[in-house]
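Me: I have a structure here and would like to talk it through with you. Shall we take it feature by feature?

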Amino acid sequence: MKHEEAEANKEIGGREAKGQRSKRAEKQRGKRVGGNSKIQNAQSPVPNPQSPAPSPQSPVANPQSPVPNLDNWLEIGKIVSPQGLSGELKVYPVSDFPERFEVPGKRWLLRLDGTEPQPIELLTGRYISNKNLYVIKLTGVETCDQAEALRGCKLMVPVSDRPQLAEDEYHVLDLIGLEVFMQASGELVGTVVDIIPAGNDLLEVKLHESFTTDKGQMTNDKKQKTVLIPFVEAIAPVVDLKSNRIEITPPPGLLEINN
């Protein structure tokens, strides 16, 4: 699940995410990178309570529209297409919390030509496990044409809607930027630049220029490369947010670079 937009505006999950909906919201250390928030209250604080509700029939995006400022928002999903003829929508989730799509209540919609998410009500939602999609129903979206007009729009929640995670659970935003060290030697490997959900979630680590890949032999490529490190307890046993570091014990060959 590699996303186009800045990770700061995403909810991404999954330390060892299994791709099964029933497990995605309950994973512990060694199991899940915590998505940025669960829904604790359907009536979350509204950053801009004066914002009007969106009209499902708004025009398609203007390519000259200003870039929205999403510093105070988290993207939880993207509308990919209509579902059926009654206005239901298929949504690709970028959040590990099913409540975002299944619990009725206020959400926010960012249109393709929008500069700020607008409040809208989620009425119903269900998960399609074999497609990793949710089918949702939003208030005011009653026809296939109205649903089609929302293709590509994003579902958002306020940044303030982040829960306290359990011990050994992590927000993705807290992991980006951590320095990665070899536990045995203390050698600086690099810096976490991305989290890539897979069978086991992967830390994408940009290698420090001083890091060697084969007993002191520097990589032949002058550009700094990245490596993917499974974010499981056996390989990343120490995650110290206060010290801004992760310590790893990779098996032989894991950090080798293919030039």
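**Questions on the fold**

Me: Is Asn-132 buried, exposed or partly exposed?
Reply: The relative accessible area of Asn-132 is 24%. Buried means under 20% relative accessible area, exposed means over 50% and partly exposed is in between (1.4 Å probe, protein chains only). With its 24%, Asn-132 is therefore partly exposed.

Me: Good start! What kind of model is this?
Reply: Residues are numbered from 1 along each chain as its sequence is written, and side-chain values use heavy atoms, leaving out hydrogens and water. Local features need pLDDT of at least 70, side-chain atom pairs count only at pLDDT 80 or more, and totals for chains, interfaces and linings use all residues, since this is a predicted model.

Me: Back to Asn-132, then: what is its phi?
Reply: Asn-132 lies in the loop between β5 (118-128) and β6 (133-138). Most residues other than glycine have a negative phi. Asn-132 is not a glycine, yet its phi is positive, at about 50°.

Me: And what is the phi of Asn-244?
Reply: Asn-244 is found in the loop between β13 and β14. At 32% relative accessibility, Asn-244 is partly exposed. Although not a glycine, Asn-244 has a positive phi of about 60°.

Me: How many helices and strands does the protein have?
Reply: Both are DSSP runs numbered from the N terminus: helices are H or I over at least four residues, strands are E over at least two. Counted in that way, the protein has four helices and 14 strands.

Me: In what order do the strands of the barrel follow one another?
Reply: Two strands pair if DSSP finds at least two bridges between them. One such pair is β2 (residues 73-83) and β3 (residues 88-93), antiparallel and joined by six bridges, with Ser-81 opposite Lys-90 of β3. The barrel has six strands with antiparallel pairing, in the order β2-β3-β6-β5-β4-β7.

Me: By how much are neighbouring strands of the barrel turned against each other on average?
Reply: Axes are lines fitted to C-alpha atoms (for helices over the stretch in contact), and angles between N-to-C directions run from 0 to 180 degrees. With direction ignored, the average turn in this sheet is 50°.

Me: Which strands stand at the edges of the open sheet?
Reply: This sheet has six strands with mixed pairing, in the order β12-β11-β10-β9-β14-β13. Each edge strand has a single partner, so one side of it is left without a neighbour in the sheet. The edge strands are β12 and β13 (238-240).

Me: Which residue of β12 is the bridge partner of Glu-204?
Reply: Strand β11 (residues 202-207) is mostly covered, with five of its six residues buried. A hairpin of five connecting residues leads from β10 to β11, and six bridges join this antiparallel pair. β11 also runs antiparallel to β12 (residues 226-230), with five bridges. There, the partner of Glu-204 is Leu-228.

Me: Which residues have the most contacts inside the largest nonpolar core?
Reply: A nonpolar core is a set of buried Ala, Val, Leu, Ile, Met, Phe, Trp, Tyr and Cys residues joined through side-chain atoms within 4.5 Å. The largest one has 22 residues, and the elements giving two or more residues to this core are α4 (172-175), β10, β11, β12 and β14 (245-248). Contact means heavy atoms within 4.5 Å. The residues with the most contacts inside the core are Ile-229 and Ile-246.

Me: What angle separates the ring planes of Tyr-127 and Tyr-134?
Reply: Rings of Phe, Tyr and Trp (its six-membered ring) pair if their centres lie within 6.5 Å; planes under 30 degrees apart are stacked, over 60 edge-to-face and the rest tilted. Tyr-127 is buried at 14% relative accessible area, as is Tyr-134 at 2%, and with Phe-101 they form one aromatic cluster. The two tyrosine rings make a tilted pair, 4.7 Å centre to centre, and the angle between the planes is 50°.

Me: One last point: how far apart are the C-alpha atoms of Asp-96 and Ile-76?
Reply: Asp-96 is in the loop between β3 and α2 (99-102), where it counts as buried at 3% relative accessibility. Along the chain, Asp-96 and Ile-76 are 20 residues apart, and their C-alpha atoms are separated by 8.6 Å.
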